[in-house]
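The following exercises ask the reader to work through a protein model from its core to its sheet and overall dimensions. Each task is followed by a solution that goes step by step.

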Amino acid sequence: MSKKNTNEVAVRSGLNKDSLREDIKLHLRHTLAKDEYSRTNWDNYRSVVLTLMDRLHDKWINTQQTYHKTGVKRAYYLSMEYLIGRLLDNMVVNLDVQQEVADACADLGLDYDEIRNAEWDAGLGNGGLGRLAACFLDSMATLGVPATGYGLRYDYGIFYQKIEDGFQIEKPDLWLRYGNPWDVVRPKIQYPVEFYGHQHMFTKPSGEVEYKWENTKKVLAVAYDTPIPGYNNNIVNNLRLWKAESDTAIDLQSFNQGQYIDAVRDNQLEQNITRVLYPNDKMFVGQELRLKQEYFLVSASMQDILRRFKNQTDDWTKLPERVAVQCNDTHPNLAIPELMRVLLDEVDMEWDKAWDITVNTMAYTNHTLLPEALEKWPVSLVRSLLPRHLNIIYEINRRFMDSIKVKFGDDKNRMSRMSIVGEGEHPVVHMAHLGIVGARKVNGVAALHSRLLKESMFKDFDEMYPDKFTNKTNGITPRRWLKQCNVELSSLITEKIGDAWITNLDELQKLSKFAEDKKFQKSFAKIKLNNKKRLASYIQDTMGIEVDPTSMFDIQIKRIHEYKRQLMAALHVITLYNRLKENPNLDIVPRTVIFGGKAAPGYAMAKNHIKLINAIGEKINNDPDVKDKLKCIFLQNYRVTLAEMMIPAANLSEQISTAGMEASGTGNMKFALNGALTIGTLDGANVEIKEEVGDDNIFIFGLEVEDVDDLRRAGYNPQTYYHGNPELKRVLDQIRDGFFSPEDKSLFHPIINALLHEGDYFMVLADYEAYVKAQEEVDKVYRDEFEWNKKAIINVAKVGKFSSDRTIKDYNDEIWKTKLVKLKN
């Protein structure tokens, strides 16, 4: 009755057009109390969401009941970020009812595209880390991994970026302004999370020392659940986000005396914990709030996990057989001392047994090769906020130092390098070290990244624990990043090779035989042009700039950061501009260079790069001499929904980070999957993309990791490159002399100083010449339409490895070891 291929109307369960249509009508009238005269776009959107939620609820409940009844081991993914984006399209794709929902809406006189555009992106993440977590949730459900994601329900996600006069201005992200119809609040699932207080030590009659954490301040964590359906498989996993609520009612005495602010102050302070995603942590107050957020996530999640475990058994030794906790970066690594605290203080377990259980339950993913990005918390702050945990961390460290002595002797330097608690006047807790010592497995996120972790950053730890480090190359979900965001290409692929690729991306290899097929190439190229026209229309509508969809779309979208080197791409744009100004008849491929990305609010240099890119665009886009040859665009408020429009439209994917600095990257995978060619350094997952697609189908340039290290050791002097390359010198002089900032000639001096007088740490000048030459090769290949399309099709065909399904299978096979669940229709 609920099958799509029947016309029978099945209320709240049918997936055919008629059932969906009738339920949309019912929800509009009976749930939202609206009719065709009073309804708004948001009401129409909510009616569709509620109709889909009806279908999801049965599957959701059945899935969770199955996990409970079978007692399967569960994986728990702890992440401070989930960059989910919009959910409507994702749900419709995974329920496999795209056409049915669109037709049901059309029957009611509704436009599905208008409905989907009413949804606000859930921007609960800063960039790749949070988007990876969202892809992983999709793959866990699609594979049938019994898993739950845990995170925080921030009132404000990553800021809304406005570009005013070329500068980034941050505005609040009001993603919850009208509520979130996808989540279900569970008011009865709430846990007290404790902060501050002190540790009390006393001796039991047996002579054993016992600790109690006393006089704490409590905040309540309330659960909000979002269903995560697998692709067409009846599995619906759970994403549980915690919201902070006050543990106490308002102070009525203060309220009655007219002191309204005092009465609600404490409530507001407690709710601040989940008010905003990652406050700027340059200030100490911000640091305290950030650490509070991390412990709030860990404490609430571990209470929930252990409640579920205790419902199954009271044998604590079975915890690693029933529970696998994966910490996404260092942010949730407080789960290690938290589980120890529970086992020691609440279960009354002895240390060695508790430690063995903890290590075998925990796993930690490292996401960075930048030492400054590794979390270090001041001991003074941890002592104030989490005194019991600091004591446990000290004891973990003491025992760890003893084990180093046993293995390596009294090597003070080694012990100092490896200590969880840093020494000095202002000691800090190294969260990465805590994660390595307290987890059974530690993984990097690309082959190169994992190798560099073992060879450099964590070399001492790899020598201590030779079997602990492993690699899990990141991946992306093909449901969102091809089937959903590139409907025409997805249909063309399915028409040629069937639809098995949706859950087995290796199937795309079958496209290789069509790479030189002129008919297939023609269809492929037409789809790419349609996607470019769509993006060109968006640019025209939002910026008033006309771009030529037949020009090469050269796109770089990612967080704005010096190591990602948006600056180098900007220098190349100026170089092309200068060449065209010198010779307006220069025969180059018309090119539209498009940037997108947000800079952290406190990152002055990155924000200056945004201003420079916009200033370059202002100059070039208004110059009639180059208007048919070159455009430079910065699209404001880059987010998942914008990525879904930009990635299918790209011809060239910019992945140009300094070698050894990008852990993996996943944008590189999304572009290749959608038929863009990559220009990139041998960094992160670019190395593996090159292995998959072949040297002839990617544009690799620049210094490799070892070259960067050698050049630094030899004494890198950027002035040599500046004086040795006239084109580069001219570009930098133009920036320095105010050619792009006539209203403030010194505006970009910090950029020039960083490049020429402060060491050019990210080696932009060292790689500039090789980058420009690689771009000339891009230009040459792009002129040969047959050759370019062949390479683009090969890219699509060869990136099956980069499915997040493969990544999650690797995690499950080697780390979590859960049994996959299948549910019948």
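A nonpolar core is a set of buried Ala, Val, Leu, Ile, Met, Phe, Trp, Tyr and Cys residues joined through side-chain atoms within 4.5 Å. The model examined here is predicted.

**Exercise 1.** Identify which residues touch the most other members of the largest nonpolar core.

Solution. The core in question holds 263 residues, and those that touch the most other members are Trp182, Trp242, Phe296 and Trp816. Taking Trp182 as the next step, and leaving aside residues up to four places away in sequence, its contacts include Tyr45, Leu52, Met91, Glu119 and Pro227.

**Exercise 2.** Establish the strand order of the open sheet of 9 strands, and explain why one side of E7 and of E17 lacks a neighbour.

Solution. Reading across the sheet gives E7-E10-E11-E4-E1-E12-E13-E16-E17, with mixed pairing. Strands E7 (184–195) and E17 (469–471) are at the edges and each has a single partner strand, so one side of each remains without a neighbour in the sheet. Neighbouring strands are turned by 25° against each other on average, direction ignored. Within the sheet, E1 (residues 74–78) pairs with E4 (residues 147–152) in the parallel sense over 4 bridges, and alanine 75 stands opposite alanine 147 in E4.

**Exercise 3.** Decide whether the radius of gyration of the protein chain agrees or disagrees with that of a compact globule.

Solution. For 825 residues a compact globule would have a radius of gyration near 28 Å, and the protein chain has 28 Å, so the two agree. Buried residues, furthermore, make up 60% of the chain.

Terms used. Residues numbered from 1 in each chain as written. Predicted model: local features only at pLDDT ≥ 70, side-chain atom pairs only at ≥ 80, totals over all residues. Heavy atoms only, no water. Pairing = 2+ DSSP bridges. Helix = DSSP H or I, 4+ residues; strand = E, 2+ residues; numbered from the N terminus. Axes fitted to C-alpha atoms, helices over the stretch in contact; angles between N-to-C directions. Buried < 20%, exposed > 50% of the residue type's maximum accessible area, 1.4 Å probe, protein only. Contact = heavy atoms within 4.5 Å. Rg over C-alpha atoms; globule rule 2.2 N^0.38 Å.
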